[in-house]
Amino acid sequence: MKKLSYIFLIVLLISCKKDEPANQTAYTYLNPTLKSDYSFHEGTYWVYQDQAMNEDSIVLKNFETGFTSTCPDNVCDRREFIKLNFENITQGLTYNHYLMSNFIRYNGGGAWGQNGQPIFILDRNEEYEFNGLIVGESIDSLIVLNETFYDIKKMSIIADKQYQVEFDYDMDFYFSPSIGVVKFIEYDTLSGVKIWELKNFNIE
């Protein structure tokens, strides 16, 4: 009788072990509005002009898509990302916009998307703060160098609160869907405020 009891217990333990669910990798995806409004293709370019008639030309060289790795100890999902790699032709600089979840990071990346300074976030109320980013006002329309852009979202960067230091001074960015940044202001404490406005662009 004891022998049968032992056999039954072993069978029960084995069956329970088989029924244990295997650890499965979970995936989360980009906000569809962020993806459709602020991801672009190679060949897209933007030309900005400041109040002194200086110009800055930005070209999207290429982009990468995929999923991040899991966080240490598997505490977060694998997250979809789009990495847009830009070149500032005028200044000879390269940088990226890293789209993940509902936000954009400047010079983002890392195994699980942990790097980069946030410069844009969707679906947050005005004055919401996130790692040195402050959500500003929503503007129905904005005239920039005689052209009108719509559904503007203002985002501000506080330089001394940055998660990852990318900007020397406080910044304001004005984003328009399907266009990108149409205006940005650099609050240069040494040489004065610089206002850059979109002069020309080509969206691919």
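This is a short walk through a few places in the structure shown above. Please keep in mind that we are looking at a predicted model.

Let's start on the surface, with charge. Glu126, Glu127, Glu129 and Glu137 together form a negative patch there. One of them, Glu129, belongs to strand E8, which covers residues 129–130.

There is a nonpolar patch on the surface as well. Tyr187, Val193 and Ile195 make it, and its area is about 220 Å². If you would like to find Val193, look in strand E13, residues 192–202. So is Val193 buried, partly exposed or exposed? With a relative accessible area of 42%, Val193 is partly exposed, because that class lies between the 20% limit for buried and the 50% limit for exposed.

Now let's move to the loops. Between strand E4 (78–88) and strand E5 (93–100) you will find Gln91. Its relative accessibility is 48%, so Gln91 counts as partly exposed. And which residue does the side chain of Gln91 touch through a polar contact? The partner is the side chain of Asp56, at 2.9 Å. In the same part of the story, the C-alpha atom of Gln91 is 9.4 Å from that of Ile58, and these two residues are 33 apart along the chain.

Two more loop residues deserve a stop, for their backbone angles. Ser101 has a phi near 60°, a positive value in a residue that is not glycine. You can locate Ser101 in the loop between E5 and strand E6 (103–109), and at 31% relative accessible area Ser101 is partly exposed. Leu145 also has a positive phi without being glycine, near 50°. Leu145 sits in the loop between strand E9 (133–144) and E10; its relative accessible area is 35%, so Leu145 is partly exposed.

Let's finish with residues that are hidden away. Phe167 is in the loop between strand E10 (147–157) and E11. Is Phe167 buried or exposed? Phe167 counts as buried, because its relative accessibility is 10% and buried means under 20%. The C-alpha atoms of Phe167 and Gln117 are 9.0 Å from each other, although 50 residues separate the two along the chain.

Then there is Ser176, in strand E11, residues 171–176. Ser176 has a relative accessible area of 3%, so this residue is buried. A polar atom of the Ser176 side chain lies 3.1 Å from the backbone oxygen of Tyr150.

That is the end of the tour, and I'm happy to take questions.

Definitions and conventions:
Residues are numbered from 1 along each chain as its sequence is written. This is a predicted model: local features need pLDDT of at least 70, side-chain atom pairs count only at pLDDT 80 or more; totals for chains, interfaces and linings use all residues. Side-chain values use heavy atoms; hydrogens and water are left out. Patches are made of residues with over 30% relative accessible area and no salt bridge: like charges are joined within 9 Å, nonpolar side chains (Val, Leu, Ile, Met, Phe, Trp, Tyr) within 5 Å. Accessible areas come from the Shrake-Rupley method with a 1.4 Å probe; for residues, only the protein chains shown count as cover. A salt bridge is a side-chain nitrogen of Lys or Arg within 4 Å of a carboxyl oxygen of Asp or Glu. Lys and Arg count as positive and Asp and Glu as negative; His and the chain ends are not counted. The place of a charge is taken as NZ of Lys, CZ of Arg, CG of Asp or CD of Glu. Helices (H or I, at least four residues) and strands (E, at least two) are DSSP runs, numbered from the N terminus. Buried means under 20% relative accessible area, exposed over 50%, partly exposed in between (1.4 Å probe, protein chains only). A polar contact is a pair of N or O atoms within 3.5 Å; within protein, one must be able to donate a hydrogen and the other to accept it, and residues adjacent in sequence count only if both atoms are side-chain atoms.
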